[in-house]
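Me: Could you take a close look at one helix-helix packing in this model for me? I'd like the geometry and the residues that make the contact.

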Number of protein chains: 2
Amino acid sequence: MTAKTDTDRTEIRLAGEGGQGMILAGIVLAEAAAIYDNKNAVQTQSYGPEARGGASKAEVIIANGEIDHPEVIAADVLIALSQEACDKYAANVKPDGLLIVDEDQVERLPNRPVIRVPVSKLALDTTGKAITANTVALGVLVGLTGIVSRQAIEKAIMARAPKGTEEMNRKALEAGFTAIERLAH
Amino acid sequence: MTAKTDTDRTEIRLAGEGGQGMILAGIVLAEAAAIYDNKNAVQTQSYGPEARGGASKAEVIIANGEIDHPEVIAADVLIALSQEACDKYAANVKPDGLLIVDEDQVERLPNRPVIRVPVSKLALDTTGKAITANTVALGVLVGLTGIVSRQAIEKAIMARAPKGTEEMNRKALEAGFTAIERLAH
């Protein structure tokens, strides 16, 4: 349709249980890309019967050019914070894509490379609040992929953090970054 | 693809400025439909250059059957809380669709039936907080269309309301319902 295509598109799926804040994480990631990093982004949630069971999933597509198709076709990155999320979506990750799981929540792993990070434990240890797992997850995702800049994700998180939770969220993000730096050394 | 089609689909667009909480309103509406009213829902945000200008837009598709196509094709309902939102999206409302605008924010109206409600003013008068305009808007939308039940939208709002804001949000929702009841008499 246009000269600018979305061949540079990155498809990210964030999945977990209700209450882990994956939908908010998806919105924050899309806003980091679009508002602070000057890219285009589309962010989608589909709610079917699994929503009643408490599963929660957000999809984000980020591209420099226009985004023609708003759905994940095959994920470049999946971050799964629950066993159900890993079971359901791991097969849809590209062969050379990244599968990141919460190592304390996901025991049965698929037969492919997996990056295991104790996301929920880091959240609890760092802030005392399980709900900050989504911010830790964003730190892990951005630390590993660089899909948006660290400044952009921090600004986007701060813009969405409820009043009084800014410092807690900053620490949770930092814990995600640090976990990846440790993995790399 | 399946026997169940999405011919019963309703396409809703919520548009305004950043800070009016339209994205959260979209999420809450989708959750009301899917989690509390047992329907299917897809909720999408696209962020392009306009996001940098502060415009904010959420799309929600609700259906009893499966939803094949996650994007709004022609809106059954548009609620526009800013002039820019009305200018940009009014032409995409179906001829027999509903166009709802904030009467204090949108002065130039398109040549078609328009439902004018003082959404921002109701929010300020009821709760003292401009940010509750999104909850008032949900009350207006649900009061007018019945696309989800009143119980479902109330439960979905309560589930997403930050601690301590539940009563304020309940009042804002009620103000939206009441505004529509007044229109109808």
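Reply: Sure, let's go with α6 and α7 in chain A. In this predicted model, α6(A) covers residues 150-160 and α7(A) covers residues 166-183, and the two pack with their axes 10 Å apart at an angle of about 150°. Angles over 145 degrees count as roughly antiparallel, so α6(A) is roughly antiparallel to α7(A). As for handedness, α6(A) passes α7(A) in a right-handed crossing.

Now for who touches whom. On the α6(A) side you'll find Arg150(A), Ile153(A), Glu154(A), Ile157(A) and Met158(A). They meet Glu166(A), Asn169(A), Leu173(A) and Phe177(A) from α7(A). Sorted by class, the residues of this contact of α6(A) with α7(A) come out as five nonpolar, three charged and one polar.

There's a chain B pair to look at too. Helix α6 of chain B, residues 150-160, packs on helix α7 of chain B, residues 166-183, with an angle of about 150° and 10 Å between the axes. α6(B) and α7(B) are therefore roughly antiparallel to each other, and α6(B) passes α7(B) in a right-handed crossing. Here α6(B) puts Arg150(B), Ile153(B), Glu154(B), Ile157(B) and Met158(B) into the contact, while α7(B) brings Glu166(B), Asn169(B), Leu173(B) and Phe177(B). The class tally for α6(B) with α7(B) is five nonpolar, one polar and three charged residues.

Note on methods
Residues are numbered from 1 along each chain as its sequence is written. Chains are lettered from A and ligands numbered from 1 in the order in which they are written. This is a predicted model: local features need pLDDT of at least 70, side-chain atom pairs count only at pLDDT 80 or more; totals for chains, interfaces and linings use all residues. Axes are lines fitted to C-alpha atoms, for helices over the stretch in contact, and angles run from 0 to 180 degrees between N-to-C directions. Helices (H or I, at least four residues) and strands (E, at least two) are DSSP runs, numbered from the N terminus. Angles under 35 degrees count as roughly parallel, over 145 as roughly antiparallel, 65 to 115 as roughly perpendicular and the rest as oblique. A crossing is left-handed if the near helix is turned anticlockwise from the far one by less than a right angle, and right-handed if clockwise. Two residues are in contact if their C-beta atoms, placed from the backbone, lie within 7 Å. Ala, Val, Leu, Ile, Met, Phe, Trp, Tyr, Cys and Pro count as nonpolar, Asp, Glu, Lys and Arg as charged, and the others, Gly among them, as polar.
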